[in-house]
Amino acid sequence: MIPLAMPNLGEKEKEYLVNCIDTTYVSSVGEYVTRLENMCAEACGSKYSVAVSAGTTGLHAALTAAGVGRDELVIIPTFTFIASANAVAHCGAIPWLMDIGADWCLNADIVEKGLREDCRFDGEKLVHIQSGRRIAALMPVYTLGNIPDMRSFRKLSDEFHLPLIADAACAIGATYNGEKIGGLADLSVVSFNGNKTITCGGGGMIFGNDEVLMKRVRHLTTTARVNAEYEFDMVGFNYRMTNIQAAVGCAQMERLDEFISTKRKVREYYNNSFKDIEGIKLFPETEGSSCWFSGIILDKAEGLEDVRSICSSLKEKGIEARSFWKPVHMQKPYENAPVKLDGTAEGIWDHIITLPCSTCISAEELETVAGNVREILNKRH
Ligand SMILES: *Cc1c(COP(=O)(O)O)cnc(C)c1O
């Protein structure tokens with residue numbers, strides 16, 4: 001079976017892991033945690049970084065540090081992995097789900113319309129008129145490693161006094177106008193889950209340039225301990241990354257450039273292989289995208305049926321292919337969340353097929369995937 005996205009692990013990961021055991025530094029203190037934080041800050045171009053147990057917990061901590069509280073609203077795209085919405089819900093807040101643009105990221109025009117038309121300032125407080133809830137933060141998602149119109153989001157966040165948090169879970173290694181992504185938002189969070197470009201088994205990293213804010217992030221993620229005598233000053237979280245996770249992460253980060261280059265080559269290979277096939281479109285790609293996942297979009301699909309049938313034909317050939325994110329507003333826990341939609345997410349999500357794109361995929365495997373996809377799609381017409 002050629003898997004969709006599997007970890008690319010080598011001797012270095014093994015060596016660093018053995019070192020954790022040999023030194024007994026297996027838990028939340030250890031040289032690898034600090035090393036990984038430094039490597040990531042350097043790679044993503046931010047002053048500060050805090051390692052955490054997952055992308056989801058990192059988002060929860062970032063939103064909490066930014067002041068998101070109970071019954072408030074956080075603007076996020078409806079087209080995202082459910083964890084973006086869950087992180088908002090873990091704060092006791094509610095996602096305000098908005099639609100995406102052609103880059104599959106939060107649409108800045110829709111956000112601006114929402115802020116101008118559906119909200120008003122009540123003193124310092126920006127309020128959603130219909131629900132009376134405070135808007136607490138703006139959280140774009142770097143879908144597939146595509147970076148959306150962050151210049152507009154920065155302007156809106158300044159004008160409306162909204163903390164700008166980036167769900168950069170799948171965007172490590174991406175750039176925006178040639179710039180590294182660690183400073184584009186007030187806080188940015190990447191994930192090191194097993195299917196991401198860089199993995200720690202599980203884990204995440206929070207980036208930022210504001211010293212006070214990042215100190216609060218560190219404090220919150222490490223149980224808000226004030227001193228060694230079991231004194232605490234807030235309800236904190238145990239969201240630390242372990243040295244074992246970080247050991248794997250350090251070995252992975254040494255190969256970041258190679259991994260990103262491979263992800264982009266996979267995308268280019270599929271784009272070249274499929275560009276002449278009728279009835280499909282290629283994945284959107286912003287300049288400097290980290291191209292986390294690759295695949296195709298069916299121009300016409302009858303719900304998920306076509307996606308399912310193509311995926312099962314590929315499975316018979318030993319190729320794992322899958323559908324992609326179902327919009328958050330169509331998910332049971334969020335069916336009552338406020339929305340601002342124009343049909344874009346609903347129009348595409350069940351037309352998408354993701355194809356094998358591991359950084360350890362071989363040239364022969366790519367050929368096998370492309371050949372079979374071409375054959376199946378041509379038969380469809
Ligand atoms: C993977 C992912 C997350 C969650 O990260 P975990 O480390 O799995 O908790 C959140 N948002 C997006 C967009 C993701 O792709």
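Student: Which residues in α2 meet α8?
Tutor: On the α2 side they are Glu-31, Tyr-32, Val-33, Arg-35, Leu-36, Met-39, Cys-40 and Ala-43. They meet Asn-243, Ala-246, Ala-247, Gly-249, Cys-250 and Met-253 in α8. Contact means heavy atoms within 4.5 Å. Helices are DSSP runs of H or I with at least four residues, strands are runs of E with at least two, and both are numbered from the N terminus.

Student: Anything to know about the model itself?
Tutor: This is a predicted model, where local features need pLDDT of at least 70, side-chain atom pairs count only at pLDDT 80 or more, and totals for chains, interfaces and linings use all residues. Residues are numbered from 1 along each chain as its sequence is written, and side-chain values use heavy atoms, with hydrogens and water left out.

Student: Back to the helices. At what angle do α2 and α8 cross?
Tutor: Roughly 40°, and the axes come within 8 Å. So α2 is oblique to α8. Under 35 degrees counts as roughly parallel, over 145 as roughly antiparallel, 65 to 115 as roughly perpendicular, and the rest as oblique. Axes are lines fitted to C-alpha atoms, for helices over the stretch in contact, and angles run from 0 to 180 degrees between N-to-C directions.

Student: Is that crossing left-handed or right-handed?
Tutor: α2 passes α8 in a left-handed crossing. Left-handed means the near helix is turned anticlockwise from the far one by less than a right angle; clockwise is right-handed.

Student: And how do the axes of α3 and α7 cross?
Tutor: They come within 9 Å and cross at roughly 125°. That makes α3 oblique to α7. The crossing is right-handed. Ala-61, Thr-64 and Ala-65 in α3 do the meeting, against α7 residues including Leu-213 and Val-217.

Student: New topic. How many aromatic pairs are there?
Tutor: The structure holds twelve. In Phe-79 and Trp-104, the ring centres are 5.7 Å apart with 75° between the planes, an edge-to-face pair. Rings of Phe, Tyr and Trp (its six-membered ring) pair if their centres lie within 6.5 Å; planes under 30 degrees apart are stacked, over 60 edge-to-face, and the rest tilted.

Student: What does the Phe-79 and Trp-104 pair tie together?
Tutor: Phe-79 is in the loop between β2 and α4, and Trp-104 in the loop between β3 and α5, so the pair ties together parts 25 residues apart in sequence.

Student: Are those two buried or exposed?
Tutor: Phe-79 and Trp-104 are buried. Buried means under 20% relative accessible area, exposed over 50%, partly exposed in between (1.4 Å probe, protein chains only).

Student: Why is the pair of Trp-292 and Phe-293 stacked?
Tutor: Because their planes are at 20°, with ring centres 3.9 Å apart. Both residues are buried. They also belong to one aromatic cluster, with Phe-79 and Trp-104 among its members.

Student: Which residue lies over the face of Tyr-16?
Tutor: Arg-35, at 5.1 Å from the ring centre. The rule asks for NZ of Lys or CZ of Arg within 6 Å of the ring centre and within 35 degrees of the ring normal.

Student: Last one. Where is Thr-24?
Tutor: Thr-24 sits in the loop between α1 and α2. Its phi is positive, near 70°, and it is not a glycine. At 61% relative accessibility, Thr-24 counts as exposed.
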